[in-house]
Amino acid sequence: MSVDTGQDGRMDKVELVYRPARADFLTGVRVRERRRRLHLVRWGFTTLFGAAAVLAVTAPKGTAVSFVSATFCAALIWSIPHLQAHHALRTVSWHGEYRTSVTEAGITTETAHVTLAQRWSVFRGYRETRDHLVLLSRDPNILLVEVLPKRGLHSAQDAQRLRDLVGRRLPRL
């Protein structure tokens, strides 16, 4: 197995240092949702309950309870990604600062309490957003999503190096 090296002959490595933010998790949830086309189901149900709320208001025998129930369901379904992101942040926020190293071997993340090493074989591909690189797991339900926030990079050149490194190992989805 050959290892690609950087210009100076060392193994290419990009480091990120960051504290997880709600936006990181929300981006991961949204990318996963779009890949699995779950956003269509979510918006379909939101529209359905929104229409039920309108019917409850405009129908001659509509009740306030029907309107409130339908509006609540529409709002709850619409907010699912936000609730998931909030829950994920609460789950890991106590870990503090994350130090993530991306190399040809994989991704290693360290906090004050945990070290996690993931090989590239865990992932099926990646998507890039304006502020994140989101890696999606290989399993059918995409249970694992790795979000690499670009704000954790040391310089603008690191963003291109990160893109190149991830692009060599994973297909863009």
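This note goes through the sheets, the helices packed on them, the largest pocket and a few single residues of a predicted model.

1. The four-stranded sheet. One open sheet has 4 strands in the order β1-β2-β3-β4, and its pairing is antiparallel. β1 and β4 are the edge strands; each has a single partner strand, so one side of each is left without a neighbour in the sheet. Direction ignored, neighbouring strands of this sheet are turned against each other by 15° on average.

2. Pairing of β1 with β2. Strand β1 covers residues 13–18 and pairs with β2 over 6 bridges, in the antiparallel sense. Within this pairing Lys13 has Thr103 of β2 as its bridge partner.

3. Pairing of β2 with β3. β2 is joined to strand β3 (residues 106–110) by 4 bridges, and the two run antiparallel. A hairpin of 2 residues makes the connection from β2 to β3. Two opposing pairs can be checked directly in the model: Val102 stands opposite Ile107 in β3, and Ser101 stands opposite Thr108 in β3.

4. Burial of β2. How many of the 6 residues of strand β2 are buried? The count for β2 (residues 98–103) is 5 of the 6, so the strand is largely enclosed by the rest of the structure. In the order of the sheet, β2 stands between β1 and β3.

5. The three-stranded sheet. A further open sheet consists of 3 strands, ordered β5-β6-β7 and paired antiparallel. Its edge strands are β5 (123–128) and β7, each of which pairs on one side only. From one strand to the next the twist averages 20°. The antiparallel pairing of β5 and β6 runs over 5 bridges, and Phe123 has Ser137 of β6 as its bridge partner.

6. Helices across the sheets. Helix α1 lies across β5, β6 and β7, at about 50° to β6. Helix α5 (residues 156–169) also lies across β5, β6 and β7, where it runs at about 150° to β5. In addition, α5 lies across β1 and β2 of the four-stranded sheet, running at about 120° to β1. Strands of both sheets thus have α5 lying across them.

7. The largest pocket. The largest pocket holds about 680 Å³ of space. Its lining is made up of 24 residues, and those nearest its centre are Phe25, Ala88, Leu144, Val145 and Glu146. By type, the lining divides into 15 nonpolar, 6 polar and 3 charged residues.

8. Elements around the pocket. Which element gives the largest share of the lining of the largest pocket? That share comes from α1, with 5 residues. At least two lining residues each are supplied by α1, α4 (80–92), β4 (115–119) and β7. The lining therefore draws on both sheets: β4 is an edge strand of one, with a single partner strand, and β7 is an edge strand of the other.

9. His82. His82 is placed in helix α4. Its relative accessible area is 18%, so it counts as buried, the cut-off being under 20%. Apart from its neighbours within four places in sequence, His82 is in contact with Arg22, Leu26 and Arg30. These three residue numbers fall in the span of α1 (22–35).

10. Arg37. Arg37 is not a glycine, yet its phi is positive, at about 60°. The residue lies in the loop between α1 (22–35) and α2 (38–58). Its relative accessible area is 57%, which makes Arg37 exposed.

11. Ile142. Ile142 is another residue other than glycine with a positive phi, here near 50°. Its place is in the loop between β6 (132–137) and β7 (145–149). Is Ile142 buried or exposed? Ile142 is buried, with a relative accessible area of 1%. The two residues with positive phi described here thus stand in opposite settings, Arg37 being exposed and Ile142 buried.

Note on methods:
Residues numbered from 1 in each chain as written. Predicted model: local features only at pLDDT ≥ 70, side-chain atom pairs only at ≥ 80, totals over all residues. Heavy atoms only, no water. Buried < 20%, exposed > 50% of the residue type's maximum accessible area, 1.4 Å probe, protein only. 1 Å grid on protein atoms, 1.4 Å probe; cavity = no way out; pocket = protein on both sides within 12 Å on 5 of 7 lines; lining within 4 Å. Points joined across faces, edges and corners; volume = space filled by probe spheres on them. Nonpolar A, V, L, I, M, F, W, Y, C, P; charged D, E, K, R; others polar. Pairing = 2+ DSSP bridges. Axes fitted to C-alpha atoms, helices over the stretch in contact; angles between N-to-C directions. Contact = heavy atoms within 4.5 Å.
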